[in-house]
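Here are a few notes to go with the coordinates, in the order I would talk them through with you. I hope they help as you turn the chain around on your screen.

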Amino acid sequence: MSDRNTLIRSLHDVGLAAWFGGSLMGAVGLNRAAKDESETAQAGARIASSGWAKWTPVNAAAIGAHLFGGGGLLAVNAHRVAAQKGVGASTAAKAVVTAAALAVTAYARVLGKKVELASSPDPQDAQEAAQHPIDLATAQRQLACAQWAVPALTGCLVVLNALHGEQQRPEEQLPGMWQRARSAATPLISRHS
């Protein structure tokens with residue numbers, strides 16, 4: 001059986017790359033272009049909302065690929081998570097940051113949908129927006145913060161990925177496992193002394 005995990009690693013990495021890159025491009029490029037090229041704030045909100053809505057299915061697929069690949073990598077590296085010093089902590093940190101990135105991404109989409117409905121000239125959208133009235137300026141400020149938080153969090157995941165890659169190097173694995181085993185054995189030795 002091969003020790004290579006190219007498919008799940010690729011899903012994990014390409015999914016994260018698209019999630020990070022797409023969110024950063026949207027926050028930097030799409031939002032600013034919509035603002036610069038629009039006559040009114042409402043028109044800019046409508047243009048940006050349309051772009052983000054078109055990105056949503058691709059982003060969902062990227063996140064799904066990342067999570068699937070991450071689950072697969074966790075399964076094949078469970079022995080390292082348990083036995084190698086530092087890997088459990090970095091894996092826990094990665095899980096927390098991933099959960100935060102997922103939550104902020106979902107929150108941004110909810111806010112984005114509200115802004116989309118509130119800025120739409122379509123009477124049906126206006127009727128739906130009236131059922132859940134929002135202060136458009138406040139929602140846009142919150143949305144901008146959330147849209148910047150997503151690339152910040154996914155950028156942290158990229159850094160944690162790099163740490164995991166370094167921890168997989170042979171010269172890191174053996175000492176890490178030795179330190180973990182020695183730490184676990186020290187209390188046992190102390191009790192029997």
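1. Let me begin with the core. The largest nonpolar core is made of nine residues: Leu16, Trp19, Ile63, Val97, Ala101, Val150, Leu153, Leu157 and Leu160. At least two of these come from each of three helices, namely H1 (6–36), H4 (87–119) and H6 (136–167). H6 makes the largest contribution to this core, four residues. Please keep in mind that this is a predicted model.

2. One core residue is a handy place to start looking. Leaving aside residues up to four places away in sequence, Leu153 touches Val97, Ala100, Ala101 and Val104. Two of these partners, Val97 and Ala101, are also listed in the largest core. A separate core of seven residues is present too, including Ala108, Leu111, Val115 and Ala139. As background, nonpolar side chains in soluble globular proteins tend to be buried together.

3. Now the overall picture. The chain has seven helices and zero strands, so the pattern along the sequence reads α-α-α-α-α-α-α. It has 193 residues, and 31% of them count as buried. Among contacts with a sequence separation of 6 or more, 83% join residues 24 or more positions apart. The exposed surface of the chain comes to about 11400 Å², with 65% of that supplied by carbon and sulfur atoms.

4. The largest pocket deserves a look of its own. Its volume is about 760 Å³. Of its 31 lining residues, those nearest the centre are Asn31, Ala48, Trp52, Leu143 and Gln147. Four helices, H1, H2 (41–76), H4 and H6, each give at least two residues to this lining, and H2 gives the most, with eleven. Sorted by class, the lining holds 16 nonpolar, eleven polar and four charged residues.

5. What volume does the second largest pocket have? The space in it is about 460 Å³. It is lined by 21 residues, and His12, Gly70, Leu73, Lys94 and His164 are the closest to its centre. The helices that each supply at least two residues of this lining are H1, H2, H3 (78–83), H4 and H6. H2 again gives the most, here with six residues. By class, the lining of the second largest pocket has six nonpolar, eleven polar and four charged residues.

6. Next, a residue in H1. Arg9 is found in this helix. Is Arg9 buried, partly exposed or exposed? Its relative accessible area is 30%, so Arg9 counts as partly exposed, the class between under 20% and over 50%. Not counting residues up to four places away in sequence, Arg9 touches Leu73 and Gln168. Leu73 is also one of the residues closest to the centre of the second largest pocket. Arg9 and Gly72 are 63 residues apart along the chain, and their C-alpha atoms are separated by 8.1 Å.

7. Ala129 is worth a visit as well. This residue is found in helix H5 (residues 123–131). Why does Ala129 count as buried? Its relative accessibility is 15%, and buried means under 20%, which is why Ala129 falls in that class. Once residues up to four places away in sequence are set aside, Ala129 touches Leu117 and Ala118. Between Ala129 and Leu117, twelve residues apart along the chain, the C-alpha separation is 5.4 Å.

8. My last stop is a loop. Where is Gly86 found? Gly86 is in the loop between H3 and H4. With a relative accessible area of 28%, Gly86 is partly exposed, because that value lies between the limits of 20% and 50%. Gly86 and Leu163 lie 77 residues apart in sequence, while the distance between their C-alpha atoms is 10.0 Å.

Notes
Residues numbered from 1 in each chain as written. Predicted model: local features only at pLDDT ≥ 70, side-chain atom pairs only at ≥ 80, totals over all residues. Heavy atoms only, no water. Buried < 20%, exposed > 50% of the residue type's maximum accessible area, 1.4 Å probe, protein only. Contact = heavy atoms within 4.5 Å. Areas by Shrake-Rupley, 256 points an atom, 1.4 Å probe, with all protein chains shown as cover. Core = buried A, V, L, I, M, F, W, Y, C linked by side-chain atoms within 4.5 Å. 1 Å grid on protein atoms, 1.4 Å probe; cavity = no way out; pocket = protein on both sides within 12 Å on 5 of 7 lines; lining within 4 Å. Points joined across faces, edges and corners; volume = space filled by probe spheres on them. Nonpolar A, V, L, I, M, F, W, Y, C, P; charged D, E, K, R; others polar.
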